[in-house]
Amino acid sequence: MTLGTSPGMSPGMSSSGTTRRRFPGRSSGRQPFRRTVALGAAGVLGLGAVAAGLVGTVGVRSAAADSGPRTDLTLTVLHTNDDESQLLGVDGDTDGDGTIEPDETRAYGGAARYTTLWEKLRRQAEAGRPAQGGNRAVVSISGGDNYLAGPEFSASVEHGVPFYDALALSRLGLDASAIGNHEFDFGPDVFADFVASVRSTAGSGGSFPFVSANLDVRGEPALAKYAGQGVIRATTVVRERGERIGVIGLTTPELPTISSPRNVRVRTELARIANDAASALTRQGVDKIILVSHLQDIDNELALVPQLRDIDVVLGAGGGEILADQGDPLIPGDRAERGYPLWATDADGRQVPVATTTGNYKYVGQLVLRFDRAGRLLGADDQQSRPVRVAGVGADAVAKDAWTRANVETPVESHLASLRETVVADSEVPLNGVRGDVRSKETNLGDLVADALVWAGAQKAAEYGVPAPVVGIQNGGGLRNDAVIPAGPVTALDTYDVAPFANFVAVVPEVPRDTLRQLLERGVAAAPSAAGAFIQVSGLAFSYDVSRQAQVVNESTGEILTPGERVRDVVLDDGTVLVRDGQVVDGAPIPVATNDFSARGGDAYPLKGLDFTPVGTTYQGALRGYLEEGLSGKVRAADYPVGGEGRITATN
């Protein structure tokens with residue numbers, strides 16, 4: 001039985017539908033406003049099908065929109081995805097040259113402006129245009145990745161349920177949300193807290209279901225409870241103005257390797273799962289079906305469509321692509337990659353629109369579709385279907401929604417200010433994070449972050465069923481403060497400046513010794529020049545000779561073309577010799593802690609293909625935790641001297 005399924009029902013089916021809710025927080029009766037995966041019936045489909053011409057053009061849309069039988073329903077699909085805790089807005093680039101003018105700071109996006117625009121577009125869609133015939137309906141959907149690790153989300157973690165991201169999303173009056181990979185970054189229990197946060201808005205009408213037909217959450221009690229209640233489900237049916245619109249969810253099969261779902265089971269046969277769900281909805285009399293799939297790259301959705309049946313619309317998520325047509329206003333600095341929407345041909349030869357937005361509360365996706373009386377898709381409205389930018393300046397500027405401003409943005413801004421004032425440790429020594437240094441030699445800040453990875457991995461080892469790591473590896477390119485933190489107080493905001501990415505601590509349980517040696521070789525391959533791949537280490541010391549053969553790799557695939565010969569000696573902190581005079585010493589593999597970017601082969605590190613487990617904490621969280629708990633708030637000069645303690649030694 002998959003999630004959201006009641007006994008006796010077809011796989012992938014939910015037990016009930018949803019209806020339109022009132023706008024949360026208002027007393028009136030007004031209604032509310034890249035990466036490639038394996039797909040297909042057998043679990044495999046290459047993207048060559050897309051290149052072979054399955055994707056349509058803007059011309060297909062125009063022709064379909066202006067011909068055919070009489071329109072019985074105009075359906076507006078308002079959609080968002082990958083908003084990733086960017087609650088406070090983003091900068092614009094007026095000149096297109098990367099230069100931000102002072103008055104443009106956070107001039108676009110933001111949850112409060114987004115809410116205002118969403119409501120405006122919903123009202124316009126319900127009123128319709130004179131050229132639109134028949135009935136009108138609006139469906140509101142999120143593609144997932146509704147929050148993301150960072151200083152903004154830390155406000156929610158500190159505040160507790162209800163999370164600010166959930167309040168912002170619920171304010172939109174969504175009908176459903178897909179489940180993305182970032183929902184599991186902090187483990188299933190935090191996702192359960194997010195679901196609880198959404199449920200807490202039910203009294204004001206803001207709650208919505210989470211849909212994913214290929215996830216089985218029964219192995220996680222906190223989530224299983226919500227699956228039993230139908231809050232997490234395979235599909236849902238939206239009832240709007242006498243219409244029944246089915247919504248099917250899918251989540252990337254890569255979930256176990258790019259996030260921390262723990263005991264959540266992920267089914268990978270996406271086409272079969274989606275078709276079974278669509279077939280079951282069709283048997284119930286639902287003749288308009290939307291698939292919202294979080295597959296990490298819009299090309300994955302396009303590759304899936306040729307295997308689908310009975311699905312009218314596909315909303316993609318996770319890739320961050322900008323789809324727009326010529327003339328669509330974009331945020332300064334943004335550039336459209338392809339038109340909006342894209343089109344692909346399904347298994348029955350029907351044209352299916354495929355749409356997404358770039359996320360971060362920057363654009364509201366507005367897909368306006370026409371259906372005949374039999375529920376057949378006639379086409380998309382060429383004038384109205386587009387991404388609508390969220391602007392705070394210019395002719396299309398919208399004011400901030402007062403409720404969202406007061407209940408979401410203001411407390412998050414206050415939290416960020418508090419991070420600047422929160423001291424997490426006192427350092428006896430300046431900590432060197434200067435870009436050119438952390439990318440070319442050992443520094444004491446590099447040592448500190450690498451130690452934090454090992455500490456966090458050990459703290460989480462039992463919970464995630466992995467061995468405690470012995471070695472820690474941090475790529476220099478992931479240390480981003482580009483400054484020396486003076487001796488004295490280290491603040492919480494300093495930890496975000498040092499480690500700003502949503503990279504999670506990952507434990508690679510078994511790294512063969514020869515692989516570890518080549519991992520170190522990769523780290524020093526560019527020496528003495530600076531490079532993001534330069535390696536900061538914990539748990540070992542090594543020496544390398546810059547006059548010897550540097551490792552050569554295929555930058556695209558990470559394949560080692562020429563093994564490096566620079567690393568001469570490697571010794572673990574306990575005295576175990578791994579490499580002596582350039583020769584690997586036979587012995588057991590080594591458990592290594594790193595970040596998930598590196599564990600997946602980022603910077604061409606030779607870890608790609610090895611099993612690894614993200615352990616539910618970011619590298620920023622590891623750094624802060626290590627400073628506060630592991631070091632009891634004191635960075636001692638004896639442990640982290642200027643220049644490092646000799647973990648990395650270059651010769652010649």
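The following paragraphs lead through salt bridges in this predicted model, beginning within one helix and going on to pairs that join separate parts of the chain.

In total, the structure holds 38 salt bridges. One of them pairs E119 with R123, whose closest N and O atoms are 3.2 Å apart. Both residues belong to helix α3, which covers residues 111–127, and they stand four residues apart, about one turn of the helix. The two partners can also be described by their accessibility: E119 is buried, with a relative accessible area of 2%, whereas R123 is partly exposed, with a relative accessible area of 40%. This pair also belongs to a network of salt bridges that links E119, R122, R123, E126 and R241.

Another salt bridge is formed by D401 and R171, with 3.0 Å between the closest N and O atoms. Since D401 lies in the loop between β17 (386–389) and α11 (402–421), while R171 lies in the loop between α5 (164–170) and β4 (176–178), the pair ties together parts that are 230 residues apart in sequence. D401, at 7% relative accessibility, counts as buried, and R171, at 2% relative accessibility, counts as buried as well.

A further link runs between strands, where E243 forms a salt bridge with K288 and the closest N and O atoms are 3.2 Å apart. E243 is in strand β9 (residues 243–251) and K288 is in strand β11 (residues 288–294), so this salt bridge ties together parts that are 45 residues apart in sequence. As for accessibility, both E243 and K288 are buried.

Conventions
Residues numbered from 1 in each chain as written. Predicted model: local features only at pLDDT ≥ 70, side-chain atom pairs only at ≥ 80, totals over all residues. Heavy atoms only, no water. Salt bridge = Lys/Arg side-chain N within 4 Å of Asp/Glu carboxyl O. Helix = DSSP H or I, 4+ residues; strand = E, 2+ residues; numbered from the N terminus. Buried < 20%, exposed > 50% of the residue type's maximum accessible area, 1.4 Å probe, protein only.
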